[in-house]
Amino acid sequence: MNDFDKNIIITGAAGFIGSSLAECLLKHGGCKITCIDNFDDFYDINLKQKNIAAFENHKDVQFLKIDIRNANEISRNLCGDYDMIIHLAAKAGVRPSILQSDLYEQTNVLGTLNMLEFAKQKNIKQFIFASSSSIYGINPDVPWSETSALMPVSPYAATKIAGEYLGYTYSKLYDIRFIALRFFTVYGPRQRPDLAIHKFTKLIGENKAITLYGNGETFRDYTFIDDILSGITAAMTYDKTMFEAINLGNNHTAGLSELVSALENAIGKKAITQFDKLHPADAPRTFADISKAKKLLNYNPQTQLSAGIERFYEWYKNNY
């Protein structure tokens, strides 16, 4: 039996990270994967169909259209014996959450509660939760460690904190190992089209202006998808403690100018730039302290921003 010889549920499996994870696990071999997604129309559903095309009919994959807000739908359709839940499904996006806070609460809080209840009912003992660097919000004391103060400035961030607290509660009450992985600005092939790298690539290619917020002086800890996947797969076999919150970042904070330069080099075009003030829900800087991930998960991100952007652009050219 290898480390991945398990029966796994992945929620949000048609999304950027979920579909990448499913393919990664299938390459390892040995696991059975139940993929669930409701194919939310936050962005083009056809892109999600493309994401899953390579593995949707794999012999070790079952794909179910399920809305995690509906507990009856979950219990009615998930009928197997499962070893683990990797809960990636969520309403994503900081700014959209301000306009639809009730929908974000229903999906991200109630949906997480429903999956934890299902884990309790089915005696599933390993639960990995996709949290977010957005929970640190406007904390100026960088790099952020897992003990840093949480200063969320969006409903999305607040729902991720709620998910972590629910996980702690269920871990204590029902002996479920809960690992909250705090992702820092994940990018790479299949990245959502609403995110900056994807939007900038499209606009630069079309010779249209890109808008840099905060006078272009914001900084992000951009983390390539392969490095995130290495952290998730390590968390799948983690068994030392029953609850952990762990940063998964690149341990490097890059300014917008560095990002734009990497995109210009990959695309072979100069960007046309314009500036606007920073949105109040946007953090001026994100920066991960990953010492805990290194210690507990042997996490060691390998991809520099310029190389990751090159790989993203290769995918973009082949798909757009």
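## A loop residue to start from

Ile138 sits in the loop between β5 and α6. Helices and strands here are DSSP runs, numbered from the N terminus (helices are H or I, at least four residues; strands are E, at least two). Ile138 is partly exposed, because its relative accessible area is 45%. The cut-offs are these: buried means under 20% relative accessible area, exposed means over 50%, and partly exposed lies in between (1.4 Å probe, protein chains only).

Ile138 has a distant partner in sequence. Ala283 is 145 residues away along the chain, yet the two C-alpha atoms are separated by 5.3 Å. Leaving out residues up to four places away in sequence, Ile138 touches Met151 and Val153. Contact means heavy atoms within 4.5 Å.

## About the model

This is a predicted model, in which local features need pLDDT of at least 70 and side-chain atom pairs count only at pLDDT 80 or more, while totals for chains, interfaces and linings use all residues. Residues are numbered from 1 along each chain as its sequence is written, and side-chain values use heavy atoms, with hydrogens and water left out.

## The chain as a whole

The chain has 11 helices and 13 strands. Its C-alpha atoms fill a box of roughly 55 × 40 × 40 Å along the principal axes. The radius of gyration is 19 Å, which agrees with the value near 20 Å for a compact globule of 320 residues. That radius is taken over C-alpha atoms, and the globule rule is 2.2 Å times the number of residues to the power 0.38.

Buried residues make up 54% of the 320 residues. Of the contacts between residues at least 6 apart in sequence, 82% join residues at least 24 apart. The exposed surface of the chain is about 14,000 Å², and carbon and sulfur atoms supply 49% of it. Areas come from the Shrake-Rupley method with a 1.4 Å probe; for residues, only the protein chains shown count as cover.

The chain carries 34 positive and 35 negative side chains, with the centres of the two sets 1 Å apart. Lys and Arg count as positive, Asp and Glu as negative; His and the chain ends are not counted. Each charge is placed at NZ of Lys, CZ of Arg, CG of Asp or CD of Glu.

## Two nonpolar cores

The largest nonpolar core has 71 residues. Ile10, Ile86, Leu181 and Phe183 have the most contacts inside it. Apart from this core lies another, of 22 residues, among them Ile9, Tyr82, Phe178 and Ala180. A nonpolar core is a set of buried Ala, Val, Leu, Ile, Met, Phe, Trp, Tyr and Cys residues joined through side-chain atoms within 4.5 Å.

Phe183 shows how the chain meets itself in the largest core. Beyond its neighbours within four places in sequence, Phe183 is in contact with residues including Ile17, Leu88, Ala130, Ser132, Ile228 and Leu248.

## A buried lysine

Lys160 lies in helix α6, residues 155-174. Its relative accessibility is 3%, so Lys160 counts as buried. Outside the residues up to four places away in sequence, Lys160 touches Ala90, Phe129, Ala130, Ser131, Ser132 and Ile135. Ser132 is 28 residues from Lys160 in sequence, and their C-alpha atoms are 6.7 Å apart.

## Loops with unusual backbone angles

The peptide bond from Val142 to Pro143 is cis, with omega near -5°. Pro143 is in the loop between β5 (126-132) and α6.

Asn123 is not a glycine, but its phi is positive, near 60°. Asn123 lies in the loop between α5 (101-122) and β5. With a relative accessible area of 52%, Asn123 is exposed. Thr185 also has a positive phi, of about 35°, without being a glycine. Thr185 is in the loop between β6 (177-183) and β7 (186-187). At 25% relative accessible area, Thr185 is partly exposed.

## Two exposed loop residues

Asn207 is in the loop between α7 (196-205) and β8 (209-213). It counts as exposed, at 52% relative accessibility. Asn207 touches Lys269 and Ile272, not counting residues up to four places away in sequence. Ala271 is 64 residues from Asn207 in sequence and 7.4 Å away in space, C-alpha to C-alpha.

Gln302 is in the loop between α10 (291-297) and α11 (305-319). At 56% relative accessibility, Gln302 counts as exposed. Phe224 is 78 residues from Gln302 in sequence, with 8.6 Å between their C-alpha atoms.
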